[in-house]
Structure formats: C-alpha cells, structure tokens
Amino acid sequence: MSIPVPVSRRTPLRHSPPLVLLLSLALVFVPIAMLPAQAANPIVTSVYTADPAPLVVGDTMYIYAGRDEAPTGTDAFVMREWRVLSSPDAATWTDNGPRASVATFPWAGADAWAGEVEPRNGRYYWYTSVNGNGPGWMNIGVAVGDSPLGPFTDAKGGPLISDSTANSSGLNIDPTVFVDDDGQAYLYWGGYWSPRMVKLAANMVDTVGAVQTPVGLTDYWEAPFLFKRNGLYYMIYAANDTNGCVTSSSYACQRYATATSPMGPWTHRGVVLGQVSSTTNHAGVVQFHGQWYMVYHNANAPGGGNFRRSVAVDRMTFNADGTIQRVVQTTTGPPPNPGGTTPPPGPGTNHALTATPSTSYVSPWENLAAINDGFTPTGSADRTHPVYGNWPEQGTQWVQYDWAAPVTLRGASAYWFDDNQGIDLPASCQVQYWTGSAWANVPGGSACGVAAGTANTVTFDQVSTTRLRLTFTSRTGFSTGLLEFRAFS
C-alpha cells in the first residue's frame, strides 16, 4: 500500500473508526456482472483502484488492486476490498469485482492495502497489507485460491509478518513475492525507508530463516516489486527524494535496482517512472505476449485524488545492456496486444525443417524425427503421425536443434503430446540458445506454455545461433512428449 507523505497524514489511520471496522467485517460478496471493459488510461473508472500488481496466466493479464472508497474531501484512505482486473490484450480491461476483502482474514480489522498474487503448485497466493485486531498496526497476510479469480480464503489463520516479527519493517506493508527457477520463494516488503526480505517455505505461508535488511536500494521509501529477466533480478520501488526523483518530497517516483541474486546486494540504476498525479506511486512489471508493461496508479480518473486513485498501464522498454528506459505515461494506454500475431511458420521460415534434432532420451518405439517434420496435429492426443515421447523417463528432459550455419531466430513453438496414459503435458518448459560457448535462456523470452491442443508460442529478442534447445520438466509420475517443435524468424 503506497502511502503519501508527510508522515502527519498517516498517523490518524493507525486506529480505524468503529464504523469502518464494522463495515469491513460485515462485507460479503454477492454475484455481480462483470463491468464493461475500458480502453484508455486509467483503465477502469467505474471505481477507484490503487496499488496494482500484475500477473500473466496463459493468454490473460490480471491486475490485483485495492479499491479506494474515500468520499470526496476525505483526506484518509478508506479501503476495504481488493479487486481483480483482467485483459486479453493489455488494452481493453474488465473489472471482475471484489475477490477478497478485509473480512477474508478473520483476524483483521481494517485497511485493505497493497497486495500481490504469486502462483505456485497450481494455486494462487495473495499476499496483502492489512490492519490486524491485535497489538501493532499493519501486518502482511496471505490468502489462497485455486484460480486467478479465486475464491480466496485465509491461508494461515494469522499474520505472516507483523510488528512482533524480529527485524520487521518500520511499516509492514507492500509485499512482493517472487519464486525463482530453483523453487525458492522470496518475500520483500516495507515502508518508512525500511525494506525487509525473508525466504518463504515451499508451502508459501511460512518464513525460513531470519528477516534481512536488503543492501543497495538507494532512496527506498516503500512499494517494492521484484522480477527477473535474462538471469538478472530487478527491483522497482517508490522513492521520494528530490535528487532527480521528484521536486517535492510529498510525491514519489519509481526507482529501480538490479542484482545477480534475489537477495542482493542491489545496484541502483535510476528512475524508471517519474512523478504521477497522486502523491503515492506504486507500480508493478510484467511481460505479456512478448511485450513488457508497467502498471501503476495516478489520480487522473474523473473525481480522482490522492485517496481516490486509478490504475494505468503503459509499455516498458529495455535497452540492449539490460537497463530500462523511463516509462512514458500516456492517457491512451498501450495498443492492443492480443498475441498470436506471428504468422504460423511455413516453408522457408520454420528453420526446424533444416535442423538436425537430438534429445536427452527418446523411447525406442517413438520417433525423434517427428518433432521437425512439419506436421500439423489435430490435438495433443493425435496418433495419426509419428510422435516423440520419452517414457519411462521423468524429470527434466530436452530436445535440441543443430544447424550447419547460424540462423536468425525470434520465436519457437511447442505442440505437446499427451497420450492420456504415461505421457502427460509438462509442468514447465524453457527455450534456450547456444551463445557460442554456453547455453542461455533466450533473451526477452515470453512465457513457455504447456497447454494442450495448441502450438505454445515463445517469442524472444532476435538471436543468431547454431543450436536451439527446448527443456521441459514432467509432472510428478509422468513422462513427456512432443508432436512438433518449430523455430522461426
């Protein structure tokens, strides 16, 4: 939850009025029709929304945001629920209504402040800033649901982080959670110039080890958001200094830092989002259909203000050296990006047709050559043509293409085989290329999909290479298979 400066504006919020408390606990959800989509910035104006955190699941981009309910002229936050916004193209948005509230946490009393959803093991964990009924002020709770839209329920039965947590922040708000490639999850949070970090257990509701104070987050104020690109870790966060950030410390910008480890130390890189029209500045970053986006809030909606904010979305661009160009704030928002705009690779563009395939393992009765024979399956169980499978092997396997001379690539697609027996869709996958001396994840790669009955397309920044590899990890108890693996420019 981003909170405006000066501090004097915050102190009245430490104890919520009884009316707000009663309304918070009495809130129940009733079925509502999804509200019409909006194609502009701010992206939703039927209600005020703030503190956005993005998440991409399949072909849908979600934004999890708090709702500002302060009446006109009220100089205090009135926030009792969290909403979910969704879009198929990052330009037209639907408000799916409230999906969690203060009442989701029986131990909480008020203040539905900033939150973020992180998926793991087929479930979706919503980490939130909420005011508990016990001693202290703000806490971090965690709810869980089986889909991006919930329903969400309290996952722990009490705060994950509170004032009683050793070495907790001066203000325990604004959680961001990141699960690394090795499965280790990390939680960052904190306001009042005091960022904190701790590892999370595999169950996502317990901490592991001591709370640490990150090093190198220059001029940190609040609102961290952690993500990873091309093996480099990025942290964006709100700062309110006047050293190139804002002209008045009553406002905030978004700075960013990078590190080679999710625990830091961090190296400050500069400002990525300048001052917005609200005093607070809270942002998140996500890649969707090959394009990077920043979501943030401002006070630009009709009747908006510092306590009546609205979520906006704009494109974000990386430089060749991994630094980020400053995001340009627009009133139009980004153009539609529905995905699937790359035409299916045909003769002359599908470089897989001229490659030599290899693999970690292929079953003796299957056919490795099936992955680059140009066949178009009718579904993942299509057995009318030779297939590649690696039964009885499990865990991580790979298939690879080699070319006699470098080829220029900007995408690949995987059509997975599922025989409804010992071979199933993989749990995860990754496209890698040969740099000339080592394997590396393709730069700027979109998510590697594992859906059935479709060519799961991965787009990435252009590379010139003589080898391309698709690695995939099986679901527990199953092997994996492919019907077609394409590589195109």
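**Cavity lining, nonpolar cores and a loop residue**

By class, seven nonpolar, two polar and two charged residues make up the lining of the largest cavity in this predicted model. The volume of this largest cavity is about 60 Å³, and a search of the whole structure returns one cavity of 30 Å³ or more. Its lining consists of Pro52, Ala53, Ala114, Gly115, Glu116, Asp174, Pro175, Pro224, Phe225, His282 and Ala283. At least two residues of the lining of the largest cavity come from each of strand S2 (48-57), strand S7 (115-120) and strand S15 (222-229). The general basis for such a search is that rolling a probe the size of a water molecule over the atoms shows where empty space is left.

With regard to the chain as a whole, the secondary structure of the protein chain comprises one helix and 28 strands. Of the 489 residues in the protein chain, 55% are buried, while the exposed area of the chain is about 19,000 Å², of which carbon and sulfur atoms supply 53%. When contacts in the protein chain between residues at least 6 apart in sequence are considered, 61% of them join residues at least 24 apart.

In soluble globular proteins, nonpolar side chains tend to be buried together. In the present model, the largest nonpolar core contains 27 residues, and the members that touch the most other members are Val399, Leu468, Leu470, Leu482 and Phe485. Two or more residues of this core are given by each of strand S24 (396-416), strand S25 (428-434), strand S27 (456-473) and strand S28 (481-488), with S24 giving the most, namely eight residues. For Leu482, when neighbours within four places in sequence are left aside, the residues in contact are Ile371, Val387, Tyr388, Val399, Ala414, Tyr415, Trp416, Phe417, Leu470 and Phe472. Apart from this largest core lies another core, of 18 residues, which includes Val272, Val285, Met294 and Ile324.

A further local description concerns Thr165, which is placed in the loop between strand S10 (153-154) and strand S11 (176-179). When residues up to four places away in sequence are not counted, Thr165 touches Leu160 and Val211. The C-alpha atoms of Thr165 and Ala210 are 9.6 Å apart in space, although these two residues are separated by 45 residues in sequence.

Key. Residues are numbered from 1 along each chain as its sequence is written. This is a predicted model: local features need pLDDT of at least 70, side-chain atom pairs count only at pLDDT 80 or more; totals for chains, interfaces and linings use all residues. Side-chain values use heavy atoms; hydrogens and water are left out. Helices (H or I, at least four residues) and strands (E, at least two) are DSSP runs, numbered from the N terminus. Buried means under 20% relative accessible area, exposed over 50%, partly exposed in between (1.4 Å probe, protein chains only). Contact means heavy atoms within 4.5 Å. Accessible areas come from the Shrake-Rupley method with a 1.4 Å probe; for residues, only the protein chains shown count as cover. A nonpolar core is a set of buried Ala, Val, Leu, Ile, Met, Phe, Trp, Tyr and Cys residues joined through side-chain atoms within 4.5 Å. On a 1 Å grid over the protein atoms alone, a cavity is a set of points where a 1.4 Å probe fits but cannot get out, and a pocket is an open set with protein on both sides within 12 Å along at least five of seven lines; lining residues have an atom within 4 Å of a point. Grid points are joined across faces, edges and corners, and a volume is the space filled by probe spheres set on the points. Ala, Val, Leu, Ile, Met, Phe, Trp, Tyr, Cys and Pro count as nonpolar, Asp, Glu, Lys and Arg as charged, and the others, Gly among them, as polar.
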